[in-house]
Amino acid sequence: MQRGKYEILITLINIFRATASFSIDKINHNIQHLATCENDQPHVRPFGAVCIFEGRLYFVTNNQKNVYHQLKENQKVEICGMHKGTWIRVEGEVREDLRREARVAMMNENTAALSGMYTVDDKLMTVFYFEHGTATIYSFTAEPKVIEL
């Protein structure tokens with residue numbers, strides 16, 4: 001995996017873990033919340049599986065769910081997670097990646113979490129990546145740190 005700003009972002013998201021581990025595997029046991037909007041109504045739901053593929057931050061969903069249709073209609077999203085007084089908000093625009101290679105990368109990084117729900121060729125599993133955005137790390141004891149994606 002190439003080193004880059006998305007790897008830094010994954011590392012920063014890992015601060016929500018009680019342990020000090022910085023591996024990509026550990027984030028997948030953590031839950032963040034993804035916010036979308038439909039018309040003028042926000043919708044928030046837990047998401048846990050993410051990966052880095054080709055230097056971009058990806059997440060997965062089912063193309064039959066409301067969240068998929070909301071993402072296709074309005075690509076502006078926000079992810080938020082918190083642990084022990086520190087939290088991260090990632091806001092930006094996402095794009096769907098229809099390539100099989102992207103789904104394979106997601107499955108390889110999240111086999112335990114996803115293999116009971118999806119296969120890479122099931123025509124249900126789809127992945128989105130952050131095309132651009134901003135990650136901001138907040139805490140009660142320090143100034144916010146901003147990272148442009």
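Select Arg 103 and Asp 121 to begin: in this predicted model, the two form a salt bridge whose closest N and O atoms are 3.9 Å apart. Arg 103 belongs to helix α4 (residues 100-109), whereas Asp 121 sits in the loop between α5 (111-114) and β7 (125-139), so the pair ties together parts that are 18 residues apart in sequence. With the surface displayed, compare the two partners. Arg 103 counts as buried at 14% relative accessibility, while Asp 121, at 46%, counts as partly exposed.

**Further salt bridges**

Side chains of opposite charge can pair when their charged atoms come close. The count for this structure comes to eight salt bridges, and two others merit a stop.

Select Glu 78 and Arg 89 next. Their closest N and O atoms are 2.7 Å apart, and the two residues form a salt bridge. Glu 78 is found in strand β5 (residues 76-83) and Arg 89 in strand β6 (residues 86-97), so this pair ties together parts that are 11 residues apart in sequence. Glu 78 is partly exposed, with a relative accessible area of 22%. Arg 89 is likewise partly exposed, at 31%.

Move on to Asp 97 and Arg 99, a salt bridge with its closest N and O atoms 2.8 Å apart. Asp 97 counts as buried at 6% relative accessibility, whereas Arg 99 counts as partly exposed at 33%. Add Glu 54 to the selection: salt bridges that share partners join Glu 54, Asp 97 and Arg 99 into one network.

Keep Glu 54 selected and inspect its backbone. Glu 54 has a positive phi of about 50°, although it is not a glycine. The residue is placed in the loop between β3 (50-53) and β4 (56-62).

**Strand β1 and its neighbours**

Colour strand β1 (residues 32-38) and strand β2 (residues 41-47). These strands pair in the antiparallel sense over seven bridges. Two residues lie between the strands of this hairpin, and there Asn 39 takes a positive phi near 55°. Asn 39, too, is not a glycine. Where does Asn 39 lie, in terms of the strands around it? Its place is the loop between β1 and β2. Is Asn 39 buried or exposed? At 76% relative accessibility, Asn 39 counts as exposed.

Now add β5 to the view. Strands β1 and β5 run antiparallel and are joined by three bridges. His 33 is a useful point from which to look both ways. Opposite His 33 in β2 stands Pro 46, and in β5 the bridge partner of His 33 is Cys 80.

**The cysteines**

Select Cys 37 and Cys 51. How many disulfides does the structure hold? The number is zero. Of these two residues, Cys 37 is partly exposed, with a relative accessible area of 24%, and Cys 51 is buried, with a relative accessible area of 0%.

**The largest pocket**

Rolling a probe the size of a water molecule over the atoms shows where empty space is left. Turn on the pocket display and go to the largest pocket, which has about 220 Å³ of space. It is lined by 15 residues, and the closest to its centre are Pro 46, Phe 47, Gly 48, Val 60 and Met 117. Pro 46 was met earlier as the residue opposite His 33.

Which elements give two or more residues to this lining? They are β2, β4 and α5. Strand β2 provides the largest share, three residues. Colouring the lining of the largest pocket by class gives 10 nonpolar, three polar and two charged residues.

**The largest cavity**

Finally, look for enclosed space. The structure holds two cavities of 30 Å³ or more, and the largest has a volume of about 40 Å³. To display the lining of the largest cavity, select Gln 32, His 33, Leu 34, Phe 47, Val 50, Phe 59 and Ile 79. Strand β1 contributes the largest share of this lining, three residues. By class, the lining of the largest cavity has five nonpolar and two polar residues, with no charged residues.

Two residues on this list link back to earlier stops. His 33 lines the largest cavity and has Cys 80 as its bridge partner in β5. Phe 47 lines the largest cavity and is also among the residues closest to the centre of the largest pocket.

Conventions: Residues numbered from 1 in each chain as written. Predicted model: local features only at pLDDT ≥ 70, side-chain atom pairs only at ≥ 80, totals over all residues. Heavy atoms only, no water. Disulfide = S-S within 2.5 Å. Buried < 20%, exposed > 50% of the residue type's maximum accessible area, 1.4 Å probe, protein only. Salt bridge = Lys/Arg side-chain N within 4 Å of Asp/Glu carboxyl O. Helix = DSSP H or I, 4+ residues; strand = E, 2+ residues; numbered from the N terminus. Pairing = 2+ DSSP bridges. 1 Å grid on protein atoms, 1.4 Å probe; cavity = no way out; pocket = protein on both sides within 12 Å on 5 of 7 lines; lining within 4 Å. Points joined across faces, edges and corners; volume = space filled by probe spheres on them. Nonpolar A, V, L, I, M, F, W, Y, C, P; charged D, E, K, R; others polar.
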